[in-house]
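Q: I am new to this structure and would like a close look at a single part of it, the side-chain contacts of its cysteines and aromatic rings.

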Amino acid sequence: MAGGSYYLGDMNPSQQFKMTRPAAAFFGRYMANDRIAFRGQVGYFAIEGRYDDKSTDIYSSAVAPSGAKFEEGQTEVVRPLNCEFKNGLIDVSFLGEFNFLSFDHMFRKEQTRFSPYLALGLGCTAYSHYKADAKKRQFVLSLPFGFGVKYKVNKFLRLGLEWTFHKTFTDEFECVKPEDGTFDPSDPYRNGVHKFTHNNDWFSNLCVAVSISLWPRSLVCNDGFVPGGRK
């Protein structure tokens with residue numbers, strides 16, 4: 001699986017595909033039947049974010065530099081200093097897939113080559129963040145969910161396109177080195193309030209998937225017959 005990934009958080013609250021960077025993953029899929037499949041995957045997702053003079057997000061236009069004090073009656077808002085980060089995420093996930101159409105049915109192979117699907121699962125994401133002026137690797141729970149389409153090219157080859165969102169329970173994807181006079185991008189309003197239920201970072205990826213069937217499928221019918229004779 002290969003494509004692009006991007007970040008949603010304090011430096012990019014809502015713009016999809018902003019500053020998209022490379023993404024890749026390896027996965028294995030087990031087909032329980034023509035509607036349900038289970039998938040395990042491990043992937044690398046690069047993300048990036050930036051504050052600058054051209055930023056129009058509400059966060060970047062509503063905060064002042066660290067230590068700034070407003071006089072009584074002052075309404076002018078000062079933009080923060082230019083700030084950017086790059087981070088590399090390693091994610092391990094387990095997902096279930098639900099096909100809206102019958103896909104690769106063993107007795108209707110030619111009629112079941114294509115299906116859209118939903119994916120939902122549970123994962124663990126590793127990311128880098130500065131702690132006490134040192135860059136350290138952190139681990140956090142993630143909830144991946146997405147949708148896509150899949151197509152069976154021939155007996156062995158399948159192609160797909162998937163757009164997945166990963167909700168995480170951290171607000172520290174902004175890997176910015178602490179320095180005098182800079183602000184904390186994980187707390188843009190500097191009110192010291194961090195809630196578990198909101199203000200968390202997300203990452204998303206849009207990827208093309210290629211899979212190859214490794215083992216033959218059983219052709220046993222429900223009534224016990226197999227091609228060439230009785231079971």
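How many disulfides does the count come to, and which aromatic pairs does the structure hold?

A: This is a predicted model, in which local features need pLDDT of at least 70 and side-chain atom pairs count only at pLDDT 80 or more, while totals for chains, interfaces and linings use all residues. Residues are numbered from 1 along each chain as its sequence is written, and side-chain values use heavy atoms, with hydrogens and water left out.

Taking a disulfide as a pair of cysteine sulfur atoms within 2.5 Å, the count comes to 0. Cysteine 207 is buried at 1% relative accessibility, whereas cysteine 124 is partly exposed at 36% (buried means under 20% relative accessible area, exposed over 50%, partly exposed in between, with a 1.4 Å probe and protein chains only).

The structure holds 11 aromatic pairs (rings of Phe, Tyr and Trp, the last by its six-membered ring, with centres within 6.5 Å; planes under 30 degrees apart are stacked, over 60 edge-to-face, the rest tilted). Among them, tyrosine 7 and phenylalanine 85 meet edge-to-face, with 5.1 Å from centre to centre and 85° between the planes. Because tyrosine 7 belongs to strand E1 (residues 2–8) and phenylalanine 85 to strand E4 (residues 83–99), this pair ties together parts 78 residues apart in sequence (strands, E, are DSSP runs of at least two residues, numbered from the N terminus). Tyrosine 7 and phenylalanine 85 are both buried.

Phenylalanine 145 and phenylalanine 165 are stacked, because their ring centres are 6.0 Å apart and their planes lie at 25°.

Notes:
Helices (H or I, at least four residues) and strands (E, at least two) are DSSP runs, numbered from the N terminus.
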